[in-house]
Amino acid sequence: MSESQGSNDPRIVLLGPPGAGKGTQSANIEERFGVPHVTTGDALRANRDVETEHGTPREYMEEGELVPDPVVNEIVAEALSNTQGFVLDGYPRNVDQAEYLAEMTAVDVVPFLQVGEEELVRRLTGRRVCPDCGANYHVEFDAPDEEGVCDECGAELTQREDDSEDVVRERIRVYEENTEPVVTHYRESGELIEVDGEQSPEEVWEKLREAIDAAI
Ligand code: AP5
């Protein structure tokens with residue numbers, strides 16, 4: 001694909017630990033910059049019971065572990081083959097995936113949402129999701145009008161299987177072991193932009209938008 005360049009279709013890799021707000025802010029990026037939101041987490045959840053030679057994605061996700069690279073790389077290669085620009089959420093999660101991505105495409109900017117561990121645990125254990133339309137809520141920070149009911153479509157809200165506290169702590173451990181080296185990699189290549197993710201969603205978006213505008 002083409003070399004890195006300023007472009008109307010920015011290629012954005014959004015990094016951050018579990019619960020940093022990648023999904024929340026990717027929706028803003030998608031709307032503002034008109035690029036598709038490519039999320040490995042959602043793609044894997046939609047295919048969680050599909051048998052692969054490595055087993056099903058569910059077996060890994062329920063434990064908070066990474067799904068094997070070949071399964072995830074294939075999802076991303078397919079998604080990126082159809083688009084110029086993108087906001088990539090949840091990938092790359094280890095250095096091998098970062099190298100695979102570099103073979104597929106250049107990227108324009110890599111914003112990194114920084115949030116401390118206890119705030120991540122608070123956000124994830126309080127998250128509720130709509131199984132029908134995919135809307136996200138938080139019992140404290142972003143509660144629906146009626147407890148347990150989706151504002152958008154009226155469905156009953158559920159908790160993600162991997163949002164229990166013990167699995168959340170394991171996801172954070174897996175992130176520190178595998179994904180922090182990816183953050184270091186992009187910091188050293190000069191593509192990383194650090195954004196304080198521990199503000200309100202609106203304040204995070206303002207800083208993020210400014211950072212992306214300045215970089216593309
Ligand atoms: P994935 O779905 O990617 O989960 P994650 O990275 O752990 O991130 P989350 O979706 O939990 O959080 P987020 O950062 O998007 O935060 P959100 O905006 O929702 O991956 C799940 C699993 O799939 C992995 O564990 C792994 O098994 C597998 N997987 C995925 N990609 C893989 C890969 N590349 N390789 C291998 N395996 C892979 O916000 C969280 C909550 O906080 C919400 O309730 C929200 O309302 C609230 N919130 C957001 N922003 C704020 C704010 N500023 N202030 C207060 N609350 C906020």
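These legends accompany several close-up views of a predicted model.

The model is predicted, so local features need pLDDT of at least 70 and side-chain atom pairs count only at pLDDT 80 or more, while totals for chains, interfaces and linings use all residues. Residues are numbered from 1 along each chain as its sequence is written, and side-chain values use heavy atoms, with hydrogens and water left out.

**View 1. Helices H6 and H7 pack at an angle of about 135 degrees.** Welcome to the first helix pair: H6 covers residues 117-125 and H7 covers residues 165-189, and their axes are 10 Å apart. Helices (H or I, at least four residues) and strands (E, at least two) are DSSP runs, numbered from the N terminus. Axes are lines fitted to C-alpha atoms, for helices over the stretch in contact, and angles run from 0 to 180 degrees between N-to-C directions. The angle makes H6 oblique to H7; angles under 35 degrees count as roughly parallel, over 145 as roughly antiparallel, 65 to 115 as roughly perpendicular and the rest as oblique. H6 passes H7 in a right-handed crossing (left-handed if the near helix is turned anticlockwise from the far one by less than a right angle, right-handed if clockwise). From H6, the contact uses Glu 117, Glu 118, Leu 120, Val 121, Leu 124 and Thr 125; from H7, Glu 165, Val 168, Arg 169, Arg 171, Ile 172 and Glu 176. Contact means heavy atoms within 4.5 Å. By type, the residues of this H6 and H7 contact are 5 nonpolar, 1 polar and 6 charged, where Ala, Val, Leu, Ile, Met, Phe, Trp, Tyr, Cys and Pro count as nonpolar, Asp, Glu, Lys and Arg as charged, and the others, Gly among them, as polar.

**View 2. Several residues of H6 are buried.** They are Glu 119, Leu 120, Val 121, Arg 123 and Leu 124. Buried means under 20% relative accessible area, exposed over 50%, and partly exposed in between (1.4 Å probe, protein chains only). The cover over these H6 residues includes strand E5 (127-129), strand E6 (136-138) and H7.

**View 3. The largest nonpolar core has 24 residues.** A nonpolar core is a set of buried Ala, Val, Leu, Ile, Met, Phe, Trp, Tyr and Cys residues joined through side-chain atoms within 4.5 Å. Leu 15, Leu 88, Leu 101 and Tyr 186 have the most contacts inside this largest core. Two or more residues each come from helix H4 (69-80), strand E3 (86-89), helix H5 (95-104), strand E4 (110-114) and H7. Another core, of 20 residues, lies apart from it and includes Val 35, Val 121, Trp 205 and Ile 212.

**View 4. Leu 15 meets residues far along the chain, and Ile 193 lies 9.7 Å from it, C-alpha to C-alpha.** Beyond its neighbours within four places in sequence, Leu 15 touches Lys 22, Pro 92, Val 110, Pro 111, Phe 112, Leu 113, Val 182, Val 183, Tyr 186 and Leu 192. Ile 193 and Leu 15 are 178 residues apart in sequence. Ile 193 sits in strand E7 (residues 192-196) and is partly exposed, at 23% relative accessible area. With the same neighbours set aside, Ile 193 is in contact with Val 109, Val 110, Pro 111, Phe 112, Ala 211 and Ala 215.

**View 5. Helices H4 and H5 cross at roughly 25 degrees.** Their axes come within 11 Å, and the angle makes H4 roughly parallel to H5. The crossing of H4 past H5 is right-handed. Asp 69, Val 72, Asn 73, Val 76, Ala 77 and Leu 80 of H4 meet Asp 96, Gln 97, Tyr 100, Leu 101 and Met 104 of H5. This H4 and H5 contact divides into 7 nonpolar, 2 polar and 2 charged residues.

**View 6. A cis peptide bond runs from Tyr 91 to Pro 92.** Its omega is near 0 degrees, and Pro 92 belongs to the loop between E3 and H5. For context, most peptide bonds are trans.

**View 7. Thr 105 is a buried loop residue.** The loop in question joins H5 and E4, and Thr 105 has 6% relative accessibility. Thr 105 and Arg 11 are 94 residues apart in sequence, yet 8.8 Å apart in space, C-alpha to C-alpha.
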